[in-house]
Amino acid sequence: MDIIETLQTGDYEQLLVAVDKPSGLRAFVCIHDTTLGPSLGGVRIWPHATEEDALADVLRLARAMTYKSAAAGLDFGGGKGLIWADPRTGVSEAAIRAFARHVDSLGGRYITTEDVGVTPEHLIAMSKETRHVVGLPAHLGGSGNTSHITGFGVYRGMKAAVHEAFGVDCLRDMTVAVQGFGKVASSLVGHLLAAGARIVVTDVNREALERARLLNCRVLDDPDAIYDVQCDVFAPCALGGVLNEKTIRRLRAKVVAGAANNQLLTPDDGRKLWHHGIVYVPDFIINAGGVINLAVEVGGYDEDIARERVGHVYDTVTEVLKTSHKRGIPPHEAADRLAEERLERARSAQNGQLNGKAHEDRDRFRRVRTPDGALEQAAA
Ligand code: NAD
């Protein structure tokens, strides 16, 4: 990989190579874009086979965070950290703290949090070296694990998609096929059951299936059978790449709306879903609850405010699906455009051309508490 060329063509702002010989730390921090605000994104611990693979991963993930935050209406940019190590063999506290010192050296341009391989203990260790870390446990002033609120956001997004696809704003008696019954899906299914939906669940983990049985969900012991379920909504909540040439033709759902990251194996699979008449809710739009929650934590965590903002996933999904319809493009392309256009408006605003829509963006999530505790939109 020609790294300078890749950074320039991908519009990356900064790449930090973070090493610390005494602790053995080998890591990267990539800041993709800070047009909308400081970059926010987790740090991942992963044993990539080569340095090139590790770099490609952190670059891709940082860029994805720019799009996720921009589309969610957050005043944050995209960044990501990657510690090149094997989480199974453990990463020493000294290495984690050395990584945090590198984060601190960026002066707040990058705010880090948990991602694959990183534990709450790691975040606590980081907080001893930098204040630019979020997702800390509640007793340390953080918002804790984001899975629960992410599940709420997926529920809100699914409702919006069902409204677009079926014209009803209610999931009662709809059948939802859920792939993977982990942390986010458990929260999602709780909301779906309360709304009167019928749930079909599969997982590769027996214990997860037992939990689903206790909730009276229909359980599929064969994980592969989930693609053939006659249902209204298919909710991928496990792995990436599950929407591909082989699976799309098996789907019996009208809507695909789930938590998993990178659901489309290729962008072309988004077009395939569209041609099949299936309403696909882009993953980074519907699973933005976690990052919205973290963005609230940066300004001082308030659960009510976080929940209210995550509830807006409904509006973002509606906007994406309406744009897809109006412009005659698949939803995943409409979602990219939503993010890109917001970034463009912000760049124009920064160049002194603050137009009406840019004002609207700026004020979208600027809410204050009135003395009686109610949430109100703040004056511009
Ligand atoms: P999790 O590990 O708690 O749950 C994933 C579940 O999927 C597990 O129970 C696992 O056994 C199951 N699974 C794995 N392979 C499977 C297969 N082939 N078929 C069926 N089930 C399988 O993870 P999570 O935190 O619930 O996250 C789920 C997805 O949502 C991931 O893709 C994650 O990246 C994404 N996501 C999570 C958050 C968050 O806040 N946790 C935020 C955004 C996106």
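Arg-213 comes out partly exposed in this predicted model, with a relative accessible area of 34%. Its side chain pairs up with that of Glu-210 in a salt bridge, N to O at 2.8 Å. Glu-210 is likewise partly exposed, at 44% relative accessible area. Both residues belong to helix 7, and because they sit 3 residues apart, about one helical turn separates them. Helix 7 (residues 206–214) also holds Arg-211 and Glu-207, which are 4 residues apart and so again separated by about one helical turn. The side chains of Arg-211 and Glu-207 form a salt bridge too, with an N to O distance of 3.4 Å. Arg-211 is partly exposed at 29%, and Glu-207 has the partly exposed label at 48%.

Those pairs are part of a bigger tally: the rule gives 25 salt bridges. One of them joins the side chains of Asp-75 and Arg-342, with N to O at 2.9 Å. Here the partners come from distant parts of the chain, 267 residues apart. Asp-75 lies in the loop between helix 2 (51–71) and strand 5 (77–83), while Arg-342 is in helix 14 (residues 331–350). As for exposure, Asp-75 is partly exposed at 36% relative accessibility, whereas Arg-342 is buried, at just 4%. Elsewhere, salt bridges tie Arg-44, Asp-57, Arg-60, Lys-80 and Asp-115 into a network.

Now for the domains. The assignment splits out domain 1 (3–133) and domain 2 (147–286), and their C-alpha centres are 30 Å apart. Contact between them involves 4 residues of domain 1 and 4 residues of domain 2. About 310 Å² is buried between the two domains, with carbon and sulfur atoms giving 62% of that area. On the domain 1 side, Arg-60, Lys-68 and Ala-71 account for 80% of the area buried against domain 2, more than any other three residues. The residues on that side break down into 2 nonpolar, 2 charged and no polar. Even so, the rule turns up 0 salt bridges across the interface of domain 1 and domain 2. The search for residue pairs in polar contact, both at pLDDT 80 or more, also finds 0 across this interface.

Finally, Ser-324 sits in helix 13 (residues 313–327). Ser-324 counts as buried because its relative accessible area is 6%, under the 20% cut-off. The Ser-324 side chain reaches the backbone oxygen of Ile-329 at 2.7 Å. Setting aside neighbours within four places in sequence, Ser-324 is in contact with Trp-274, Ile-329, Pro-330, Pro-331 and Ala-334.

How values were computed: Residues are numbered from 1 along each chain as its sequence is written. This is a predicted model: local features need pLDDT of at least 70, side-chain atom pairs count only at pLDDT 80 or more; totals for chains, interfaces and linings use all residues. Side-chain values use heavy atoms; hydrogens and water are left out. Helices (H or I, at least four residues) and strands (E, at least two) are DSSP runs, numbered from the N terminus. Buried means under 20% relative accessible area, exposed over 50%, partly exposed in between (1.4 Å probe, protein chains only). A polar contact is a pair of N or O atoms within 3.5 Å; within protein, one must be able to donate a hydrogen and the other to accept it, and residues adjacent in sequence count only if both atoms are side-chain atoms. Contact means heavy atoms within 4.5 Å. Domain bounds come from an automatic or database domain assignment. Buried area is the accessible area (1.4 Å probe) that two parts lose on being put together, summed over both. A salt bridge is a side-chain nitrogen of Lys or Arg within 4 Å of a carboxyl oxygen of Asp or Glu. Ala, Val, Leu, Ile, Met, Phe, Trp, Tyr, Cys and Pro count as nonpolar, Asp, Glu, Lys and Arg as charged, and the others, Gly among them, as polar.
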